[in-house]
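Subject: Handing over the structure

Hi,

Here is the structure I promised to pass on. Have a look at it first, and then read on for what turned up.

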Amino acid sequence: MVETVLFENERVLDRSAVADYLRSLADSLDEGSDVTLSAGDQSVTLAPPSQVEFEVKAEREGPAEGNGELSIEVELEWPEHATDDELSIE
């Protein structure tokens with residue numbers, strides 16, 4: 001399977017700015033709106049269906065002993081051409 005990165009942005013923000021960004025994303029999802037990610041000259045708009053696969057993961061990377069790096073990853077995933085009619089919970 002080939003993975004194509006449609007948008008990627010990494011930068012240092014304070015916790016409040018991260019919370020604002022996540023709130024904006026949450027508001028778009030809650031309203032059923034398209035989600036537009038943009039930074040600089042890159043931009044992508046996605047239209048998540050009403051049902052998505054949701055994953056939250058906490059990780060530690062680095063040597064077994066010593067300082068590592070901690071992360072929280074949030075992922076939403078759905079079939080590319082999914083419509084609300086195709087998705088159901090059984």
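Let me start with a term: a salt bridge here is a side-chain nitrogen of Lys or Arg within 4 Å of a carboxyl oxygen of Asp or Glu. A search of the whole structure turns up 3 of them.

Before the details, some housekeeping. This is a predicted model, so local features need pLDDT of at least 70 and side-chain atom pairs count only at pLDDT 80 or more, while totals for chains, interfaces and linings use all residues. Residues are numbered from 1 along each chain as its sequence is written, and side-chain values use heavy atoms, with hydrogens and water left out.

Now the salt bridges. Which residues are linked in a network of salt bridges? They are Lys57, Glu59 and Glu73. Lys57 pairs with Glu59, with 3.5 Å between the closest N and O atoms, and Lys57 also pairs with Glu73, where the closest N and O atoms are 4.0 Å apart. Because Lys57 lies in strand β3 and Glu73 in strand β4, that second pair ties together parts 16 residues apart in sequence. (Strands are DSSP runs of E, at least two residues; helices are runs of H or I, at least four residues; both are numbered from the N terminus.)

How open are these residues? For the wording, buried means under 20% relative accessible area, exposed means over 50%, and partly exposed is in between (1.4 Å probe, protein chains only). Lys57 is partly exposed at 31%, Glu59 is partly exposed at 25%, and Glu73 is partly exposed at 33%.

The other pair to look at is in helix α1, which covers residues 15-31. The side chains of Asp20 and Arg23 meet in a salt bridge of 3.0 Å, N to O. Both lie in α1, 3 residues apart, which is about one turn of the helix. Asp20 is partly exposed at 45% relative accessibility, and Arg23 is partly exposed at 49%.

While you are at α1, check its length: at 1.5 Å a residue, its 17 residues should span 24 Å, and the end C-alpha atoms are indeed 24 Å apart. (The expected span is 1.5 Å times one less than the number of residues.) Right after α1 comes Gly32, with a positive phi near 75°. Ser33 then sits in the loop between α1 and β1 (35-39), and Ser33 is partly exposed, with a relative accessible area of 29%. The C-alpha atoms of Ser33 and Pro48 are 8.2 Å apart, although 15 residues separate the two along the chain.

On to the surface patches. These are made of residues with over 30% relative accessible area and no salt bridge; like charges are joined within 9 Å, and nonpolar side chains (Val, Leu, Ile, Met, Phe, Trp, Tyr) within 5 Å. Accessible areas come from the Shrake-Rupley method with a 1.4 Å probe, and for residues only the protein chains shown count as cover.

Leu13, Val18, Tyr21 and Leu22 make a nonpolar surface patch of about 330 Å². Leu22, in α1, is partly exposed at 45% relative accessibility.

There is also a patch of negative charge on the surface, where Glu3, Glu53, Glu55, Glu75 and Glu77 gather. The elements giving two or more residues to the negative patch are β3 (53-61) and β4 (69-77). Asp and Glu count as negative and Lys and Arg as positive, with His and the chain ends not counted; the charge is placed at NZ of Lys, CZ of Arg, CG of Asp or CD of Glu. Glu75 is found in β4 and is partly exposed, with a relative accessible area of 36%.

Cheers
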